[in-house]
Amino acid sequence: MAAEYDPLTLEYFQSKQLPFRVFSEIPDHMELLGDLRGLRVIDLACGEGFYTRLIQKSGAHSVLGVDVSYEMIELAKSKEASEPQGIEYAVCTATNLSQVVIDKFDLASTAFLFNCAEDRVELAAMFREIASCLKEGGRLCATVGDLGHRPDVDYSPYGMRTEIRNNLQEGHPYQITFLLPDGDFTITDFNHSLSTYQQLCEESGLRFEGWQTCTVTSAGIEKYGEEFWEAWLASPCIWRFSATKKG
Ligand SMILES: C[S@@+](CC[C@H](N)C(=O)[O-])C[C@H]1O[C@@H](n2cnc3c(N)ncnc32)[C@H](O)[C@@H]1O
């Protein structure tokens, strides 16, 4: 997986400007994280640090950004060097966090990590590692993509397209192409059902707290109109959940 994202650092960062991200994914994920003031946070699959920087800006005590891609972390570190916020970054897989984690965290934030797990075994290892790096009562807040189940919906107005095969099974890969002004790029995600994430929370000692689906900010509705967002809201392909580490 590291190799997949290594050449895509700038393109992935540019995709953060797409309307579905600006007016839906990003505010939704930040809302899920809640009040960050004073918290020790780990941002898993931090990429080039998009959410990591937002988390620190929102008043976290400290943030560690972790990603398996060397190039993503290099870009994150160069942004930290040019605009220092006191964020730490490390190259590490979320299936083996003990390499970099010493203290326990109040909060683990992750956007689109779980879609990178190629099978249930890898996914289960991620959940176990996350649970073990949280304090008792600490929270996991995760945003996941669920595009694999939406073959009939055209998401291209929002900036992405998916090539979905019929009968997509648990763990099967599917491609997502992001449609950017300077050229498209494609990533591979893996299909995991929402119930799989829920089960793995419980199996790893996390109390699942429920699903939330996409919303759109009033600024997004003002800019594009209600009709534009109808398919986005009617067939959500991004979901969020939180879970708390049991005592
Ligand atoms: C879709 S990007 C999301 C980046 C960032 N969270 C965001 O929303 O901007 C997925 C990221 O997961 C990272 N990744 C994939 N497998 C990983 C693993 N096992 N451990 C840590 N990071 C991983 C990739 O390198 C990539 O940066």
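Is Phe112 buried or exposed, and what is its relative accessible area? In this predicted model, Phe112 is buried, because its relative accessible area of 15% lies under the 20% cut-off that is used for burial. Phe112 is located in the loop that joins E4 to H6, and its phi is positive, at about 70°, although the residue is not a glycine. Most residues other than glycine have a negative phi.

A positive phi is also found at Ala45, where the angle is about 60° and where the residue is again not a glycine. Ala45 belongs to the loop between strand E1 (40-44) and helix H4 (50-57). With a relative accessibility of 25%, Ala45 counts as partly exposed, because this value falls between the 20% under which a residue is buried and the 50% over which a residue is exposed.

Ala45 is also one of the residues closest to the ligand, a group that further comprises Lys16, Asp67, Ala94 and Ala111, within a surrounding shell of 20 residues. When this shell is sorted by class, 15 of its residues are nonpolar, 3 are polar and 2 are charged. The space that the ligand takes up is the largest pocket.

Polar contacts of the ligand involve both side-chain and backbone atoms of the protein. At Asp67, an N or O atom of the side chain lies 2.6 Å from an oxygen atom of the ligand. At Ala111, a polar backbone atom is placed 2.9 Å from a nitrogen atom of the ligand, and at Val68 a polar backbone atom is found at 3.3 Å from a ligand nitrogen atom. Of the 590 Å² of accessible area that the ligand has on its own, 98% is covered by the protein.

The loop between strand E4 (105-111) and helix H6 (120-133) also holds Phe114, and Asn115 is likewise placed in the loop between E4 and H6. Phe114 counts as buried because its relative accessibility is 0%, and Asn115 is buried as well, with a relative accessible area of 1%. The side chain of Asn115 reaches the backbone oxygen of Gly145, and the distance of this contact is 2.8 Å. For Phe114, the separation from Leu179 was computed between C-alpha atoms: the two residues are 65 residues apart along the chain, and their C-alpha atoms are separated by 22 Å.

Buried positions are also found within helices. Leu123, which is part of helix H6, has a relative accessible area of 0% and is therefore buried. From C-alpha to C-alpha, Leu123 and Phe185 are 25 Å apart in space, while 62 residues separate them in sequence. Arg53, which is located in helix H4, is a charged residue by class and is nevertheless buried, because its relative accessible area is 15% and burial is assigned under 20%. The C-alpha atoms of Arg53 and Glu80 are separated by 8.6 Å, the two residues being 27 residues apart along the chain.

Notes. Residues are numbered from 1 along each chain as its sequence is written. This is a predicted model: local features need pLDDT of at least 70, side-chain atom pairs count only at pLDDT 80 or more; totals for chains, interfaces and linings use all residues. Side-chain values use heavy atoms; hydrogens and water are left out. A residue is near a molecule or strand if one of its heavy atoms lies within 4 Å of it. A polar contact is a pair of N or O atoms within 3.5 Å; within protein, one must be able to donate a hydrogen and the other to accept it, and residues adjacent in sequence count only if both atoms are side-chain atoms. Accessible areas come from the Shrake-Rupley method with a 1.4 Å probe; for residues, only the protein chains shown count as cover. On a 1 Å grid over the protein atoms alone, a cavity is a set of points where a 1.4 Å probe fits but cannot get out, and a pocket is an open set with protein on both sides within 12 Å along at least five of seven lines; lining residues have an atom within 4 Å of a point. A molecule sits in a cavity or pocket if more than half of its atoms lie within 2 Å of its grid points. Helices (H or I, at least four residues) and strands (E, at least two) are DSSP runs, numbered from the N terminus. Buried means under 20% relative accessible area, exposed over 50%, partly exposed in between (1.4 Å probe, protein chains only).
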